[in-house]
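Here are some exercises to work through with the model open beside you. Try each task before you read its solution.

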Amino acid sequence: MAEPEGGFPFPFEPYDVQRQLMRAMWEAIETRKVGVFESPTGTGKTLSIICSALHWLKSHESDDSSYGWSDIPGFADELQAPEPDPAEAAQPARADAHDADAGDAPEPGVPSATGRGLSSPTRRWLARSKRPRAASPTPCAPASKLPAPAWLQEAGRSAQADRLVAAQRACRTAPTDGVVGEEEEDEEEALLLDAGDDAGGGSGSGGGGGGGGGDGAVGEASRLAALLRAERDGAARGGAAGGVDALPAAGLRPAGAWVRQLVFASRTHSQVTQFLGELGRTSVGEAVRAVHVGGRQQLCVNDAVRALGTDSAMADRCLQLRDRARRGTRAAKGGASGCSGAGCPFAGAEAVDRLGERLLAARGGVDVEEAAALGRRHGACPYYAVRKALPLADVVALPYTSLLSESARGAVGIGLRGAVVVVDEAHNLAAAAGQANGAVLTGLTLLHACRQAEEYLRRYRSRLRGRNVIQLVLAGGTMPPLEEMRQQLFPSLPPARITSFACGHVVGGEALCGAVMPAGPAGRRLDLSMRGRGGPGGSLAMADLGEALLRIARFAPAGMAVFLPSYAVEDSLLGPRGVWTASGLAERLGKVKRVFREPRGAEDLDAVLRDYGEAAAKGAVMFAVMGGKLSEGLNFSDGLARTVVVAGLPYANAADPELQERMARADARHGAGAGRRLYESLCMQAVNQAIGRAVRHKGDWAATVLADARFGTDRVRSRLPDWLQPHVRPHDSFAACEAALREFFAAHGHSA
């Protein structure tokens, strides 16, 4: 497999499986294929993604654009130009004879769209920028492709230089009439206004709501050049560069430019935060700008708006405040009296721009919680600061529910053109795509939708062909079979355009033990299906399962995680009227290991996990649900789970109308049996995710107990994770299973 010259910038010597995974990802991106990769939990999947995808991005920057500092018109002149004489700068600019109206002359020192008030180099640049230009697509210019001068790099302030680049480009396409027209001012993309902004025209802090488009852009370029000169002089004098908080207030105006980006999506915001943490550990993370995209629920810092609770109510109120500020500012420009223009106190354009710079300057990026804290501290809106920072980010990180919704991407301003898209935890991608794009429809609505879809297909059929697929990487610890993913996600993509790779675990076989437990100590067959639990002897079998867990808890060290098929099953065993509660088994189990239950509400989750973590070393058991809050994305490493028990198979309700439609459609499109395979796949994804909570690093070890007779069949065992299958032993009795577990724990120094 392909590997870049010089290898990958891994923070330490990679394991063989990590190197294999990075090579496979690199090759998939290089050959522009859709890559599907399975990397078991604990194998350093996130670091491998960062070091392969980002290294590819950095190494291909020269392919995308010829932009450099010397290519930016007037940039060198602006940096080298002498500081203007203060007395001269204070004099009003003299109107030239060809000026339309002397009354339009700007205020002293305020540059205008015609170049008045600008230094000669900037006027020359502005004149060149107004010449007719041949139509050409905007090039893909990575932000980090624009290397700052040495003095600026040493000072650690290349963000200011990037802003100058953005401002210079903005001048090329900026409006010339000084007021953004309603048709140009999309409800979600209108420029932010200072709450107390008045008529005047923006001398540099904004160019958007206050000043004219051309005035603000050109003024921004001139002001930033002066700022960079000051930075250069300060660096030459040995002045401190300052940290994130020392960044000056300067506007981000990246109009018309776009960068080649890595778009990283995972299941939840907490997993995105983990990704950013790993990014900050790497050497490549030092050279990139990362942005964590969140919604108003995560980023709004206006308590009055947050109190509304729902996304829709918060969005409506936010837009009302922005519209009030915009109307107040326009009325003030028109001479109306009594227009306060009061809007959100956090929506000041200069403060938002400055916060955006802070987000970009932080190594490894800033997660949504940190961004919200920064917003409160500096009195700026993190939601819009993130949006301002997006065009200059090399890495855009977000939950994949936001990625999958075209309307959500459009609202925030995320573009996928030329991007490398990496989806982690991609085993849930098909289900998430259905949820993100699903709706409840009436028959009449369906009729209209079908007609519109037919028209859309007729008009845009060529855009739906496989050759237009972006560079896409799907990664996960336990991925569905490749053919099933292709059928669900890429039915029209030729198989040759999809590549896959599955790597082994970083631990050796001695760290893994898989044991199928078909029966309890009393010999009753374990069948946790609805039929098995509700049939003759079902209650006795559940009691026998409890006795089996009690026996294992007595010799299994430290923490023990037990995953059940559903909350209903968990409640039927451990609830107030549960089988184990009524029989006293739950109380006996609690005397051996402290018992914890997965909370139904997310608000109690942190406290439960904290208490469990403290109790695990002395012995604790956590009862959780497959597909629930604890079965994905959480780390039960080391003593938190030396034993993982998967009790039952979480098959979905086969009578569910939506599921039946999905299965029928799969049969119709891919042949008889495809629907059944889909049904089984949904179940096994949940099983495999639960299994993956333990064995999280090279020195970790744990036993996996499969407590249901159905795990003894080849059909089910063959769908277990590849890294575990060779170590799974089917046993014919509880005694045989118990003996295998005792032997495994003894090998690791824990004998009872």
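**Exercise 1. Find the salt-bridge partner of Arg19 and decide whether that partner is buried or exposed.**

Step 1: The side chains of Arg19 and Glu13 meet in a salt bridge, at 2.8 Å from N to O. The term stands for a side-chain nitrogen of Lys or Arg within 4 Å of a carboxyl oxygen of Asp or Glu.

Step 2: Glu13 has 60% relative accessibility and so counts as exposed. Buried means under 20% relative accessible area, exposed over 50%, and partly exposed in between (1.4 Å probe, protein chains only).

A word on the source: this is a predicted model, in which local features need pLDDT of at least 70 and side-chain atom pairs count only at pLDDT 80 or more, while totals for chains, interfaces and linings use all residues. Residues are numbered from 1 along each chain as its sequence is written, and side-chain values use heavy atoms, with hydrogens and water left out.

**Exercise 2. Describe the salt bridge between Glu570 and Arg597 and place both residues.**

Step 1: The N to O distance between the two side chains, Glu570 and Arg597, is 2.6 Å.

Step 2: The pair links distant parts of the chain, 27 residues apart, with Glu570 in helix H24 (residues 567-574) and Arg597 in strand S10 (residues 594-597). Helices (H or I, at least four residues) and strands (E, at least two) are DSSP runs, numbered from the N terminus.

Step 3: Glu570 is buried at a relative accessible area of 3%, whereas Arg597 is partly exposed at 32%.

**Exercise 3. Start from Arg719 and trace the network of salt bridges.**

Step 1: Arg719 pairs with Glu680 in a salt bridge, their closest N and O atoms lying 3.6 Å apart.

Step 2: These partners are 39 residues apart and link distant parts of the chain: Arg719 is in the loop between helix H30 (714-717) and strand S14 (728-730), and Glu680 is in helix H29 (residues 674-691).

Step 3: Arg719 is buried at 19% relative accessibility, and Glu680 is buried at 5%.

Step 4: The network links Glu484, Arg676, Glu680, Arg715 and Arg719. Across the whole structure, a search finds 22 salt bridges.

**Exercise 4. Explain why Cys318 and Cys381 are not bonded to each other.**

Step 1: A disulfide is called when a pair of cysteine sulfur atoms lies within 2.5 Å.

Step 2: The cysteine sulfur closest to that of Cys318 belongs to Cys381, and at 6.2 Å the two are too far apart for a bond.

Step 3: The structure holds zero disulfides. Cys318 is buried at 13% relative accessibility, and Cys381 is buried at 10%.

**Exercise 5. Work out how H14 and H15 cross and which residues make the contact.**

Step 1: The axes of helix H14 (residues 349-361) and helix H15 (residues 368-378) come within 11 Å and cross at roughly 140°. Axes are lines fitted to C-alpha atoms, for helices over the stretch in contact, with angles from 0 to 180 degrees between N-to-C directions.

Step 2: Leu355, Arg358 and Leu359 of H14 meet Ala371, Leu374, Gly375 and His378 of H15. Contact means heavy atoms within 4.5 Å.

**Exercise 6. Decide how enclosed helix H16 is.**

Step 1: Eight of the eight residues of H16 (residues 382-389) are buried, so the helix is largely enclosed by the rest of the structure.

Step 2: Among these buried residues are Tyr383, Arg387 and Lys388.
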